[in-house]
Amino acid sequence: MSVDDTCIEFDQVTAGYGEFTILNQLSLKAKRGKITLLLGPNGAGKSTVLKAIFGLVRMRSGRILLDGQDITGASAKDLLVKHGIAFVPQGRNLFGQLSVYENLELGGITLGVKTTHERIPEVLERFPRVKERLHSSASSLSGGEQKQLEVGRALLLRPKVILIDEPSIGLSPMVVADVFKLLRQLADQGTTVLMVEQNVKSALKMADEAIALESGRLVLHKAADELLADPNLERIFLGGAHTTNAVDAIATV
């Protein structure tokens, strides 16, 4: 990977929660305008990678770079407003008692009222089902509609980078396909997407790159289509054989 196409870079990052170390001198790179999928067993550090980028986990050593600029230790607000990084965490993160429109307004609070109101219609064009429920409370939406609203709220800021954690949880296959299609469209338009997703096969079909972690370390970085075609994929990522030796084996096939 050349310097020119690197968007996000971890340089020997060690980070964790309290006394627990999750990322162990992790180094990785994600390409600009591509979808990079983070894989690995539970506890491997996938979600922690996203949180480290967004300033939500304590860094102990190392650096995180965005387009070559050191963003280590930057606040979530600065990462969002100044650097164009949006984070869509796992689960539901909406104000359930507020309407769809009010949730969108809150998502654009850093933009100002005028800009937010100008951008809301363009976001809603991507989500016709959410648009139909504009004045309904967010809690009354289906799980799929709520996830689309979360993504739409992030898109108000026209981010350069989207960090998204387990977008398929609790969603029907049809809605998951819609979310993946949207992420693919965003990447094709130049947005960098870094995603954690346990729905491995479906995610690999629309991703560009795949990175596998184990115990907070990188053990595999491969083109998504190559990994999808690998005969060992089922055994390693879908069959529970999450060992360094197994991942080493798939990397050498």
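This passage walks through the pockets, cavities, salt bridges and a surface patch of a predicted model.

A good place to begin is the open space in the structure. The largest pocket encloses about 360 Å³. Its lining is made up of 16 residues, and those nearest the pocket centre are Leu-80, Phe-87, Gly-107, Arg-153 and Ala-154. Three elements, namely β6 (85-88), α3 (100-107) and α6 (143-155), give two or more residues each to this lining. In character, the lining of the largest pocket consists of eleven nonpolar, three polar and two charged residues.

The second largest pocket holds about 190 Å³ of space. Around it stand Arg-126, Phe-127, Pro-128, Arg-129, Gln-148, Asp-178, Val-179, Lys-181, Leu-182 and Gln-185. Here the elements that provide two or more lining residues are α5 (128-132) and α7 (173-188). Helix α7 makes the largest contribution, with five residues of the lining. The lining of the second largest pocket splits into four nonpolar, two polar and four charged residues.

Enclosed space comes next. Two cavities of 30 Å³ or more are found in the structure. The largest cavity has a volume of about 40 Å³. Its walls are formed by Ala-52, Ile-53, Gly-55, Met-59, Ile-64, Ile-71, Thr-72, Gly-73, Ala-74 and Leu-79. Both α1 (46-53) and β4 supply at least two residues of this lining. No charged residue takes part in the lining of the largest cavity, which is divided into seven nonpolar and three polar residues.

Strand β4 returns when attention turns to charged side chains. In total, the structure contains 14 salt bridges. In one of them, the side chains of Arg-63 and Asp-11 come together with an N to O distance of 3.2 Å. Arg-63 belongs to strand β4 (residues 58-66) and Asp-11 to strand β1 (residues 6-17), so this salt bridge ties together parts that are 52 residues apart in sequence. Both partners fall in the partly exposed class: Arg-63 has a relative accessible area of 38%, and Asp-11 has one of 26%.

A second salt bridge pairs the side chains of Glu-209 and Lys-31, at 3.4 Å from N to O. It links distant parts of the chain, with Glu-209 in strand β9 (residues 209-214) and Lys-31 in strand β2 (residues 20-31), 178 residues apart. The two partners fall into separate classes of accessibility. Glu-209 counts as buried because its relative accessibility is 12%, under the 20% cut-off for that class. Lys-31, at 22% relative accessibility, counts as partly exposed.

Arg-158 and Glu-122 form a further salt bridge, in which the closest N and O atoms are 2.8 Å apart. Arg-158 sits in the loop between α6 and β7 (161-165), while Glu-122 sits in helix α4 (residues 113-124), so the pair joins parts that are 36 residues apart in sequence. Arg-158 is partly exposed at a relative accessible area of 48%, and Glu-122 is likewise partly exposed, at 38%. Salt bridges also form a network, which links Arg-32, Asp-67 and Lys-160.

Helix α4 contains one more residue to look at, His-117. With 34% relative accessibility, His-117 counts as partly exposed. Tyr-101 is 16 residues away from His-117 along the chain, and the C-alpha atoms of the two residues are separated by 9.7 Å.

The last feature lies on the surface. Phe-95, Leu-106 and Ile-109 together make a nonpolar surface patch of about 300 Å². Of these residues, Leu-106 is located in helix α3, one of the elements that give two or more residues to the lining of the largest pocket. Leu-106 counts as partly exposed, with a relative accessibility of 35%.

How values were computed:
Residues are numbered from 1 along each chain as its sequence is written. This is a predicted model: local features need pLDDT of at least 70, side-chain atom pairs count only at pLDDT 80 or more; totals for chains, interfaces and linings use all residues. Side-chain values use heavy atoms; hydrogens and water are left out. On a 1 Å grid over the protein atoms alone, a cavity is a set of points where a 1.4 Å probe fits but cannot get out, and a pocket is an open set with protein on both sides within 12 Å along at least five of seven lines; lining residues have an atom within 4 Å of a point. Grid points are joined across faces, edges and corners, and a volume is the space filled by probe spheres set on the points. Helices (H or I, at least four residues) and strands (E, at least two) are DSSP runs, numbered from the N terminus. Ala, Val, Leu, Ile, Met, Phe, Trp, Tyr, Cys and Pro count as nonpolar, Asp, Glu, Lys and Arg as charged, and the others, Gly among them, as polar. Patches are made of residues with over 30% relative accessible area and no salt bridge: like charges are joined within 9 Å, nonpolar side chains (Val, Leu, Ile, Met, Phe, Trp, Tyr) within 5 Å. Accessible areas come from the Shrake-Rupley method with a 1.4 Å probe; for residues, only the protein chains shown count as cover. A salt bridge is a side-chain nitrogen of Lys or Arg within 4 Å of a carboxyl oxygen of Asp or Glu. Buried means under 20% relative accessible area, exposed over 50%, partly exposed in between (1.4 Å probe, protein chains only).
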